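Biologist: I am new to this structure and would like a close look at a single part of it. Please start with the interior, then take one helix and one residue in that helix, and keep the account connected.

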Amino acid sequence: MTFTHFIENSRTGKITITFEEILGQRGILERLNANEVVIGDGGFVFALEKRGYVKAGPWTPEAAVTHPEAVRQLHREFLRAGSNVMQAFTFYASDDKLENRGQTLKITGAQVNEAACDLAREVANEGDALMAGGVCQTPSYLSCKSETEVKAIFKKQLDVFIKKNVDFLIAEYFEHVEEAEWAVQVLKMSGKPVAASMCIGPQGDMHGVPPGECAVRLVKAGAQIVGVNCHFDPLTCVEAVKMMKAAVEKAGLKAHYMVQPLAYHTPDCNCQGFIDLPEFPFALEPRILTRWDMHKYAREAYNAGIRFIGGCCGFEPYHIRAVAEELAPERGFLPQASDKHGLWGAALEMHTKPWVRARARRDYWENIHPASGRPKCPSLSSPEDESIFGSRYLIQHIFLYRS
């Protein structure tokens, strides 16, 4: 379905105009400046890995070239669920990452980025959505390549995004604020709005730089939107963004705020997040948040002053639909996918079993405590010893430390 409208014209008959033309091509900053809620999409690499199009480990996005129909369909599902942003599937699409992780298809980063932009734009044009191009952390930074070399990698990706005329840019999934600053500085060369999102929690980046300081540095580098994504559960991420917001305001700076967390509960994670959990990445299902958890997340994020609210790894379209439904009063409408979902279980009133019909109410689902169904499953795990504080991490990173 497209948001195409027909206006009767006495001379020429019906004129077709797009939804975007009616809205006057409002960009990300125009929407956020108007205090509108902008809903992001979900975690493409995890979603497509589960569907058989991405390989766990490398997590690279060749599927934009090899299986465009799968990427397009996932975009459409997030659009139906309420997403305003179609983020191009360009995660880890730099040449150094593709080569570093043994990608043997001879598909270049430029080919992936171009194909991903085309798919995201195609679907964005089907609704009231913006298209974003994104860059993320690089193997070159951890290999101690120079600032010039790392920035050249970002610039190569940026050239594609400029060619494809993305609506705005996202520097996401950065563990080190220095590299994130470099990415923002390069993306700012485009003149387009820039969002910067780090994969950190309240403990800060991998060098211990607090979230507040990270945010201040990113705003000074030129980011108009700052926040966090991935590695931690929604409420942990919201807490980290609150710290960012407080520090930016204390510094007398201005910014908008974004959050795109995991769809997994991570109360037992250390500062490197879910990748140190023994369940990562193939046994995380018992930790998945319910749609009702997502209602709580959306409200907490909104109440914290965050207006760009989306998801990362583990988020499926139904999670985004829950976010959109919770914030429907603020947005003024429900997503298209809500046609197949009664609010707070209302459609269960049509169920054949009376005890299931009795669950068609908000207080039931809002207070549910789901069981795992696994008698020997612990409620919490112990992160790997050889992680951020362990010998393996130190051996790999002691020579990489940047003062």
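Modeller:

**From the core to one helix end**

The largest nonpolar core holds 105 residues, and the members that touch the most others are F89, L218, V259, F274, Y297, I306 and I309. Helix α7 gives the most to this core, with eight residues. Apart from it lies another core of 13 residues, including L29, V38, I170 and F308. All of this is read from a predicted model.

F274, one of the well-connected members of the largest core, shows how such a residue is surrounded. Leaving aside residues up to four places away in sequence, F274 touches F46, C230, H231, L262, Y264, T266, C269, F280, L284 and C313.

The chain around these cores has 403 residues, of which 55% are buried. Its secondary structure comes to 18 helices and 10 strands. Among contacts between residues at least 6 apart in sequence, 75% join residues at least 24 apart. About 18,100 Å² of the chain is exposed, and carbon and sulfur atoms supply 53% of that area.

The part to look at closely is helix α5. It has 14 residues and reaches 20 Å from its first C-alpha to its last, close to the 20 Å expected at 1.5 Å a residue. The buried residues in α5 are A70, V71, L74, H75, F78, L79 and A81. An α-helix has 3.6 residues a turn, so residues three or four places apart point the same way. What covers the buried residues of α5 includes the helices α3 (44–51), α4 (63–66), α7 (109–124) and α14 (317–326), together with strand β4 (85–87). Helix α7 is thus named here as cover, and it is also the element that gives the most to the largest core.

Now the single residue, A81. It lies in α5, which runs over residues 68–81. A81 counts as buried because its relative accessible area is 2%, where buried means under 20%. Not counting residues up to four places away in sequence, A81 touches P317, I320, R321, A324, P335 and A337. Helix α14, which spans 317–326, is among the elements covering the buried residues of α5.

A81 also has a partner far along the chain: L334 is 253 residues away in sequence, and the C-alpha atoms of the two are separated by 8.9 Å. After α5 comes G82, whose phi is positive, near 125 degrees.

Note on methods:
Residues numbered from 1 in each chain as written. Predicted model: local features only at pLDDT ≥ 70, side-chain atom pairs only at ≥ 80, totals over all residues. Heavy atoms only, no water. Helix = DSSP H or I, 4+ residues; strand = E, 2+ residues; numbered from the N terminus. Buried < 20%, exposed > 50% of the residue type's maximum accessible area, 1.4 Å probe, protein only. Contact = heavy atoms within 4.5 Å. Areas by Shrake-Rupley, 256 points an atom, 1.4 Å probe, with all protein chains shown as cover. Expected span 1.5 Å × (residues − 1). Core = buried A, V, L, I, M, F, W, Y, C linked by side-chain atoms within 4.5 Å.
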